[in-house]
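Work through the exercises below with the sequence and the structure open. Each task is followed by a solution in steps.

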Amino acid sequence: MASLFNKKIEELKGVGEKRAEKFNRLGIFSVGDLLMYYPRDYEDWSQTTLIEDAPFEENVCIKATIRSPFQVNFSRGKGTMICKTVAFDESGAVSLIYFNNRFISNMLHTNETYFFFGKITKTLNGLQMISPTFSKIADGTSMHPIYPLTAGLPNRIVSNAVDSAIKMLPEKINDPLPQWLRDRYNLQGLGYAIRKIHFPSNSDELFVAKRRLVFEELLILNLGLRYLRSNTREENGILLKKNYTDKFKSLLPFEFTNAQSKVVNECLSDMTDKRFPMNRLVQGDVGSGKTAVAAAVSYSVIKNGFQVAFMVPTEILAQQHYASISALFAGTGITVELLTGSLTAKNKKQVRTRLASGETDIVIGTHALLTEDTEFKNLALAITDEQHRFGVSQRSALLSKGNHPHLLVMSATPIPRTLGLIIYGDLDISVIDELPPGRQVIDTLVIDTKKRIRALSFIKKNIMEGRQCYIVCPLVEEGENSPDGLLSAEQYAQTLMQIDDYKNIPIGILHGKMKPSGKEAVMTDFKNGEIKILVSTTVIEVGVDVPNANIIMIENADRFGLSQLHQLRGRVGRGSEKSYCILVSDNNSPEATQRLKTMKSTSNGFKIADEDLKLRGPGDFFGEKQHGLPELKIANLSNTDDISETQQCVKEILEKSPDLQGDDLKGIRAEIKRLFNKTGGTLLN
Ligand code: ADP
Ligand code: MG
């Protein structure tokens, strides 16, 4: 099978240069790629009906014989070519009609019997089928694959190409899954699975084939990610001599919650006693106080004489963390620096020099931390915030800046458990399962646009009482002529400023296209209370913290994913004031209604994430393709059962052979390499 990935698609019978180009557009370059281009659906031809019994206007499969040659006519007007014949079975007759198909009479012969698949309609001239698909009786396959297509590549062409590709499969295929594993988990061989996923005879065969392929794909994904991580586990961790958490607590303007204390202890015990570097995920719902936990852990690391790198996904967040951590560490002698893409080249260079010399104790930054010329003197702790925005490879790039530093990964909960199992694999997990005291439950309201005026006056009232407010608009492309009345953040703010009631209220605008310095200025003004209403796109979604803001109004809320809405809602309810999340939507579809109802009924990030996964599938979870997961061909990450089954197998394999070096695992190693090389990751050598 592996060698078929080196065979160009052009080498297949019937695939010339032009067609090859079309296959390329589907991401199919080799015969192997084609074999892994799985059908998206199947037509079930396994049950044939008699013409007489066939229900009208539904897909049916009949077995019928053509009794007379095609008659060809041309319609007046457009000159459409109409080919017509009649097919019979023991119960009756049906006319077969094809349009503009010059070759049909070469393909369907008089006095031969075929399967025809399509809809039968009743007309004044009797029963007819328009352009039914067909196959020879001898072909016998009774489930027909339907492929995801591109223009110019009809299903029949793809299916024929797959058929020739399957004929190129060697008699005995090297199966990446060793025999013992297939026996234990009751899995079919690869050859069978490939043949039957494309051309199953019935739904049982399809089930068996699919199960095998899904299992393999999840197994390879899982093992690959585990392997990537275990790389960092080989070495001894940097041991801290002393825990300075008590001293840190005296710097805080508040008391740690029990949950925060517990998590900080867990981290410190990793770094003071354990043989391996810390490899820990801290999960806490929005507002649970993860930043302070990170600061506490950093404090001990720094006091022990080491450096800390704190990586966040956005410029805004970097600035915010920089401000709060600098304030916290003021007067302690700790040097805090910011390193983001928006610094001038000169400034960046200076920051990097101070990192390399060890002058800087903790740096907070974006991806700018990952460049080659960023070096540390003695990095002992790498922290990533809002981890779901980073890929696995970015995480390891950060780790490579030190000599096996400790890793602390922080994430708000909205990653469903099933996905978490895979993405976070064997990270140790700490959960901050408690919010700081005095927080009130956020009231979530769903309104339609008719009630917007009332909502706005409610906002005004709160502002008069000293509060602040976010208004979030969906992203609208510049110049897009707001198709269904969608306003961009900018237009929205302009409109608002023209309303008399708002003339004297300072309104700020924030969107992704602004320059970092512009964004920073707006955020600072909002933090300081100089801006009262911040109209923005979802750039504020991740981590932004302004406790005085107590209302967030989200326009066209139905356009956002649940996890995203949850993150947005988490921007309020951070102070002691009663907070509100107002979801504006005119979308009455059952799906939208259901989603917004979920938002109203729960504030539990885990629940919301699971619901989101059910409703929208995993693809949307990460917004960008940055999560570092390779694209899956057949497995569905929302299927918990499949995932737990493979997890069991992963465990078993790693127990037997922690470094995957066993001879029987050669095929698995090769597959891991292939899967991850596609994502640009360098995983196994
Ligand atoms: P998240 O977990 O969403 O990253 P943050 O770290 O941004 O949350 O914290 C949210 C807010 O709660 C911040 O204003 C922070 O200062 C405050 N905070 C954190 N821990 C506590 C605590 N133990 N008591 C009171 N306020 C806290
Ligand atoms: Mg945060």
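Two strands count as paired if DSSP finds at least two bridges between them. Helices (H or I, at least four residues) and strands (E, at least two) are DSSP runs, numbered from the N terminus. The model is predicted, so local features need pLDDT of at least 70 and side-chain atom pairs count only at pLDDT 80 or more, while totals for chains, interfaces and linings use all residues. Residues are numbered from 1 along each chain as its sequence is written, chains are lettered from A and ligands numbered from 1 in the order in which they are written, and side-chain values use heavy atoms, with hydrogens and water left out.

**Exercise 1.** Determine the strand order of the open sheet of six strands, and find its edges.

Step 1. The order is β17-β22-β21-β18-β20-β19, and the pairing is parallel.
Step 2. β17 (443-447) and β19 (507-510) each have a single partner strand, so one side of each has no neighbour in the sheet.
Step 3. From one strand to the next the twist averages 15°; axes are lines fitted to C-alpha atoms, for helices over the stretch in contact, and angles run from 0 to 180 degrees between N-to-C directions.
Step 4. Five bridges pair β17 with β22 in the parallel sense. V446 has L583 in β22 as its bridge partner.
Step 5. Helix α18 lies across β17, β18 (468-472), β21 and β22, and runs at about 150° to β21. Contact here means heavy atoms within 4.5 Å.

**Exercise 2.** Do the same for the open sheet of seven strands, and place the helices that lie across its strands.

Step 1. The strands follow the order β12-β13-β11-β14-β15-β10-β16, with parallel pairing.
Step 2. The edges are β12 (336-339) and β16 (428-432); each has a single partner strand, so one side of each is left without a neighbour in the sheet.
Step 3. Neighbouring strands are turned by 20° against each other on average, direction ignored.
Step 4. β10 (residues 279-284) and β15 (residues 406-411) run parallel and are joined by five bridges. Within this pair, N279 stands opposite L407 in β15.
Step 5. Helix α9 (residues 258-273) lies across β10, β15 and β16, at about 160° to β16. Helix α10 (residues 290-303) lies across strands including β11 (307-311), β13 (362-365) and β14 (379-384), and runs at about 175° to β14.

**Exercise 3.** Which residue forms a salt bridge with D270, and is each partner buried or exposed?

Step 1. Apply the criterion: a side-chain nitrogen of Lys or Arg within 4 Å of a carboxyl oxygen of Asp or Glu. The count by this rule is 20 salt bridges.
Step 2. The partner of D270 is R280, with the closest N and O atoms 2.7 Å apart. D270 is in helix α9 and R280 in strand β10, so the pair ties together parts ten residues apart in sequence.
Step 3. Buried means under 20% relative accessible area, exposed over 50%, partly exposed in between (1.4 Å probe, protein chains only). D270 has 4% and is therefore buried; R280 has 9%, so R280 is buried as well.

**Exercise 4.** Classify the salt bridge between K167 and D163 in the same manner.

Step 1. The closest N and O atoms are 3.0 Å apart.
Step 2. Both residues lie in helix α4 (residues 155-167), four residues apart, about one turn of the helix.
Step 3. K167 is exposed, at 64% relative accessibility, and D163 is partly exposed, at 31%.
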